Amino acid sequence: MTGGSRLFPASPRTPLEMSPFGGWGLLSAFLALLCCTGSGEEAFEVRMWPEQLMVESGESQVINCSTTCTQPNAGGLETTLHKTLLEEQAQWKLYEVFNVSQDTDVICHFTCSGKQESRSLNISVFYPPKQVLLKLWPTLVAVGRSFTIQCRVPSVAPLEGLTVTLLRGSEIVYNQTFVGTTLSPQEAMVTHNTTAHREDDRHNFSCRAEMDLRSRGGDLVHSVSDPQALDVYEPAQDNQTVIIITVVSVLLFLFVTSVLLCFVFGQQWHQRRTGTYGVQAAWRRLRWAYRA
């Protein structure tokens, strides 16, 4: 038909023209659909502050959850602790958690364009050195003699990062830094033997316990014992020798004197006894002569 629309090709060897919605067009449309679907899920991050956290047992702490998503659908903080939402905006929420008594994890999460991201934070519990006990013995010591300084820090954890320092005034006598990963509270003890000096009685002794938690999200915590004084005296060695010699001399003199007195009294008693016997013998001889 001349001038009409052609439904079939004039020749069977002439192919149909490729429609824009044909094979290549369908592939392009499918790829475009995938691209548009992926672009709806924006890449975003979830952040928490602080990034590390160490809390004293029984204390509360403020935690901030935030996201880079401009319009998040939902978000919050998941924890087994009691929590309160203090304040919030579209991209952040500020919480306070209470009564942290053991190590625990908290999770911050946000949902953006149907995709959820989260971040976790480990809260560690520490027991600060609230009590530091110092002991000196003996408390009265001679110059040049040894004495012992002992410091105890009960119920403290973790031991790692704990430094106990023994002080004479402001001078460091001895210090010890502990190691260990035990998180349960225990006693730390430092014992040091030293020699007494004449100037020791002019200074007070004390003990300082310092816990450095800054590398684990905490602070520098310290406590100091009550000061104690040491009584130091000079040993009077020459006077002691004189006293000992004097006492021995007196005792020896008394012993010799008592021996001499015993000898003298013995001789006198013997002479008196001998004289009494002579008088009695002469009297008896006179009586016998008279009778004769």
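These legends accompany close-up views of one predicted model.

**View 1. Cys-65 and Cys-108 are joined by a disulfide between two strands.** Let us start with the cysteines, where the count comes to three disulfides. In this one, the sulfur atoms of Cys-65 and Cys-108 are 2.5 Å apart. That value is worth a second look, since a pair of cysteine sulfur atoms has to be within 2.5 Å to be called a disulfide here. Cys-65 belongs to strand E3 (residues 59–67) and Cys-108 to strand E7 (residues 104–112), so the link spans distant parts of the chain, 43 residues apart. Cys-65 is buried, with a relative accessible area of 0%, and Cys-108 is buried with a value of 0% as well.

**View 2. A right-handed disulfide connects Cys-69 and Cys-112.** The sulfur atoms of this pair are 2.0 Å apart, and the angle about the S-S bond is 70°. Cys-69 sits in the loop between E3 and strand E4 (74–78), while Cys-112 is part of strand E7, so the bond ties together parts of the chain that are 43 residues apart in sequence. Are these two cysteines buried or exposed? Cys-69 is buried at a relative accessible area of 2%, and Cys-112 counts as buried at 1%.

**View 3. Cys-151 and Cys-207 form a left-handed disulfide.** Here the S to S distance is 1.9 Å. The torsion about the S-S bond is about -85°, which means that the disulfide is left-handed. Because Cys-151 lies in strand E11 and Cys-207 in strand E15, the pair ties together parts that are 56 residues apart in sequence. Both cysteines are buried. To place the bonds along the chain, number the bonded cysteines in sequence order: the pairing then reads 1-3, 2-4, 5-6. Another cysteine, Cys-262, counts as exposed, with 58% relative accessibility.

**View 4. Phe-147 and Phe-205 meet edge-to-face.** The structure holds one aromatic pair, and this is the place to see its geometry. The ring centres of Phe-147 and Phe-205 are 5.8 Å apart, with 80° between the planes. Which strands does the pair link? Phe-147 is in strand E11 (residues 146–156) and Phe-205 is in strand E15 (residues 204–212), with their positions 58 residues apart in the chain. Phe-147 and Phe-205 are both buried. Strands E11 and E15 also hold Cys-151 and Cys-207, respectively.

**View 5. Lys-135 places its charged end over the ring of Trp-137, beside a cis peptide bond.** The charged end of Lys-135 is 5.0 Å from the centre of the Trp-137 ring. Trp-137 is also one partner in a cis peptide bond, which runs from Trp-137 to Pro-138 with omega near -10°. Pro-138 is found in the loop between strand E9 (133–137) and strand E10 (140–142).

**View 6. Backbone details to check: a second cis bond and two positive phi values.** Most residues other than glycine have a negative phi, and most peptide bonds are trans. Against that background, the bond from Ala-157 to Pro-158 is cis, with omega near -5°. Pro-158 is in the loop between E11 and strand E12 (162–168). Ser-155, placed in strand E11, has a positive phi near 50°. Ser-113 has a positive phi too, near 55°, and is located in the loop between E7 and strand E8 (115–126). With a relative accessible area of 34%, Ser-113 is partly exposed.

**View 7. A nonpolar patch on the surface includes Phe-253.** Ile-243, Val-247, Val-250, Leu-251, Phe-253 and Leu-254 make up the patch, and together they have about 590 Å² of accessible area. Phe-253 is in helix H2 (residues 237–291). How exposed is Phe-253? Its relative accessible area is 56%, so Phe-253 counts as exposed.

**View 8. Leu-53 and Val-125 are brought together from separate stretches of sequence.** These two residues are 72 residues apart in sequence, yet their C-alpha atoms are 8.7 Å apart in space. Leu-53 is in strand E2 (residues 53–56). A relative accessible area of 4% makes Leu-53 buried.

Key:
Residues numbered from 1 in each chain as written. Predicted model: local features only at pLDDT ≥ 70, side-chain atom pairs only at ≥ 80, totals over all residues. Heavy atoms only, no water. Phe/Tyr/Trp six-rings, centres within 6.5 Å; stacked < 30°, edge-to-face > 60°. Helix = DSSP H or I, 4+ residues; strand = E, 2+ residues; numbered from the N terminus. Buried < 20%, exposed > 50% of the residue type's maximum accessible area, 1.4 Å probe, protein only. Lys NZ or Arg CZ within 6 Å of the ring centre and 35° of its normal. Patch = residues over 30% accessible without salt bridge, like charges linked within 9 Å, V, L, I, M, F, W, Y side chains within 5 Å. Areas by Shrake-Rupley, 256 points an atom, 1.4 Å probe, with all protein chains shown as cover. Salt bridge = Lys/Arg side-chain N within 4 Å of Asp/Glu carboxyl O.
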